[in-house]
Amino acid sequence: MAVFSVLGALQAIGEDGPIEFGGPRQRSVLGRLLVARGQVVPVGRLISDLWRNQPPPGAAGSIQTYVSHLRRALEPQRTIRTPARLLVTVPPGYALRAEHVDAWRFEELVRQGSRRLLDGDAAAAVAALEEALALWKGPAYQEFASADWALNEIARLDEVRATAVEQRASAVMALGTPGSVIADLRAHLAEHPLREEGWRLLATALYRQGRQGDALAALREARRLLAAELGVDPGPALRRLEAGILAHAPELDLPGPARTAEPDNPAARLPLPRDIPAVLLEVSTEVPATAPATGLAEISTAVPVAAARQEGRIRLFGRRSEVSLLLGLSEGVALVTGEAGMGKTALVEEVAAVRAGQGARVAIGRCPATRGAPPGWAWAEILRTLTAAVQPREHTAEPIARLLATFPEAARENGSYEGGSQVDGSQANEAPEERSRREGVRAEGFHGRRAVAAYLRDAAAEAPILLVVEDLHRADRETLDTLLDVVAETAGAAVSVVCTFRQEEAGRLAGTTAALARHEPLRIGLRGLRPGAAAGLVTAVAGVPVTRPALTAVAARTGGNPFFLRETARLIAAEGETAALTTVPAGVRDVLAARLAVLPARVRTVLGVAAVLAAEVPGKHGGGIDLDVLAAVHGGGEDAVADALVDAAEEALLAGVLVEPDDGGLRFASPVLRDTVYGAMPRLRRARTHARVAAVLERLRPDEAAALAHHYALGGDPVKAARYALTAAERADLRYARRESGLTRAPGSRPARDYASVARDRLRETQSPPTGASLL
């Protein structure tokens, strides 16, 4: 595992020694991921950060190349068949799952020191803080000091270090040795001359050394600097200290012998040093991902949050914790993400209904899927709902009324919007009067957004407000700007904003989510339902008895996606369990086809081959994608794999179509996704791909007789299909006989008649001649 250093120059040590990271942009990708502290950084944000919003053509491809090179540097022993463990692909971007980073260790030690000082154990506090400060080899992220994306993290770490210096001085003074911190505090104040806590500690240390004059001189210097730089007088702490020094206050004398206090003994604690920053004691509010699925036995305890049918349909299953978290949000913003069909709308509608029943005013705005809607349409929906119940006060009435009355005209003034930015590119050559008119519209939008925020604060004084902005991934620029203004300007008021968006389309929201990060949003990432909840949903929607094996298979096949589960349940009700386990429902197919359509043609081509490989047939690689076979079928040697196949697979991973399981290789995110890709291939192309796969398997995996029978049957060679089916049957019979005689049977093996049946069915599907079938 690599050990990263960012306190100074960026470097890392791996198992084989120092790691070389390449050129500046490649190093910037690594630095940006380290700054994210394990969180996902969307590709769009990486592009924006690296090229300062002026990306060249092919920037996305360059990011993929940088990531590929970094992976080879970080995990040189990793092969294409092994998933990345350190720099991982998580739609819609990448994350660095580092465990050993000096900055993170530094912060943890500072927190430990703060706790020890709080508990009265000054000696332990000094030890922890000195260990932390020893890690500091230079300014944090030194080579990225001019990069916008690094500035906040650099400033934050610098603040933590300054606090650590001051707390170490407090702890040392508590041990009764103030003289040893004077030189350190002077050096500290040379770097941070406006930190009043540093001046307080220095003056106190000087006084305790019997240097009353020097202590007062230090306080005079602090007063001079504050007046010259900020135009302010010293704060209460420095003024009290100056008065205490002049009066020889007893509390300024040296403390008694240092004591080591137990954490649970408040009476033994030393006085708490002033102004311990919140950053040192913060607790993360990030919502963890939904826990992994457990057994189907959960069905006995899987109680839906809204158990009743509403308007003839099942509302919500298996989202109890998410509902609870959102109901606990009395102010601020929440971001609810998940792929299409994961139940984001059902979740927020359930929460909205409960909050409305509790007396809150609720308004929902949706970002439209079609072009031509006026900018900020979601907020117009919200305002129309709220103003029908709460009239704006005098200072906001006119701008709110004007905003609603002129909404269609605002759309024409602002031009056509798509994807959050104006389509018209002719503004560079526009006439001065046109530019002046357009800038006037922008100014009006700014004041309108501020009026919206002011109205919401007024309305929240009467009753709590819950606002829901749906499908934020479709939002135009005006909608996003209004969101940012509302969240910022209503801080502290009883206004909560819940936004939903698709995770696979979140790349264009990177700037917005980054701006919202300072408001510490509640983040909820929806995953597939657990088997128990999935089974309950299928049973309720189908309205007919469903067998336990079918419930298990449907939960696995759909990946727990609630929309997929509902559509499959309706298929069960209409055509039975067998159809539901072999057919992709039309609604699901349409949703997935739209998701696949945005991928480049070369990626869809690779996915087609992968879908053929991932078919559920008996064999070692059934259900997964054998990357060696995929590379051989795709064509080319190692260079071709590196340049084409890996890039295509990477894009599919980013889009959430493929995933990297823990056991290596690749898999489709769900079987229905695989079946949709497979079903979209023309019949002739499918047959040819099966034939190519069979030829490659025969060369690389000659012992996988069942898989060879499957691919040869669907590839149009019934004779070879029958021959390999008989081979598989003979081997299975041998294993079966050994089991009957007390020998161990291989996991997953079948009797000969099962393999013969599989081969016979495949031969019939391909209209095999009688000679092929007779071989069985």
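Biologist: What makes β3 and β7 the edge strands of the open sheet?

Modeller: This is a predicted model. The sheet has 4 strands in the order β3-β2-β1-β7, with mixed pairing. β3 (17-18) and β7 (100-101) each pair on one side only.

Biologist: How do you know that β1 and β2 pair?

Modeller: Pairing takes at least two bridges. Strand β1 (residues 3-5) and strand β2 (residues 11-14) are joined by 3 bridges, so they pair. They run antiparallel. One bridge partner is A12 in β2, facing F4.

Biologist: Why is E153 called buried?

Modeller: Its relative accessibility is 9%. Buried means under 20%, so E153 qualifies. E153 lies in helix α6 (residues 148-174). Beyond its neighbours within four places in sequence, E153 contacts V35, R37 and Y141.

Biologist: What makes the E153 and R156 side chains a polar contact?

Modeller: The distance is 2.9 Å. The limit is 3.5 Å, so the pair falls within it.

Biologist: Why is the aromatic pair of F144 and W149 called tilted?

Modeller: The whole structure holds 4 aromatic pairs. In the pair F144 and W149, the centres are 5.1 Å apart, within the 6.5 Å limit. The planes make 45°. Stacked needs under 30 degrees and edge-to-face over 60, so this pair is tilted. Both residues count as buried, F144 at 4% relative accessibility and W149 at 11%.

Biologist: How do you know that the charged end of R723 sits over the ring of Y724?

Modeller: That charged end is 5.3 Å from the ring centre. The distance cut-off is 6 Å, so the distance test is met.

How values were computed: Residues are numbered from 1 along each chain as its sequence is written. This is a predicted model: local features need pLDDT of at least 70, side-chain atom pairs count only at pLDDT 80 or more; totals for chains, interfaces and linings use all residues. Side-chain values use heavy atoms; hydrogens and water are left out. Helices (H or I, at least four residues) and strands (E, at least two) are DSSP runs, numbered from the N terminus. Buried means under 20% relative accessible area, exposed over 50%, partly exposed in between (1.4 Å probe, protein chains only). A polar contact is a pair of N or O atoms within 3.5 Å; within protein, one must be able to donate a hydrogen and the other to accept it, and residues adjacent in sequence count only if both atoms are side-chain atoms. Contact means heavy atoms within 4.5 Å. Rings of Phe, Tyr and Trp (its six-membered ring) pair if their centres lie within 6.5 Å; planes under 30 degrees apart count as stacked, over 60 as edge-to-face and the rest as tilted. A charge sits over a ring if NZ of Lys or CZ of Arg is within 6 Å of the ring centre and within 35 degrees of the ring normal.
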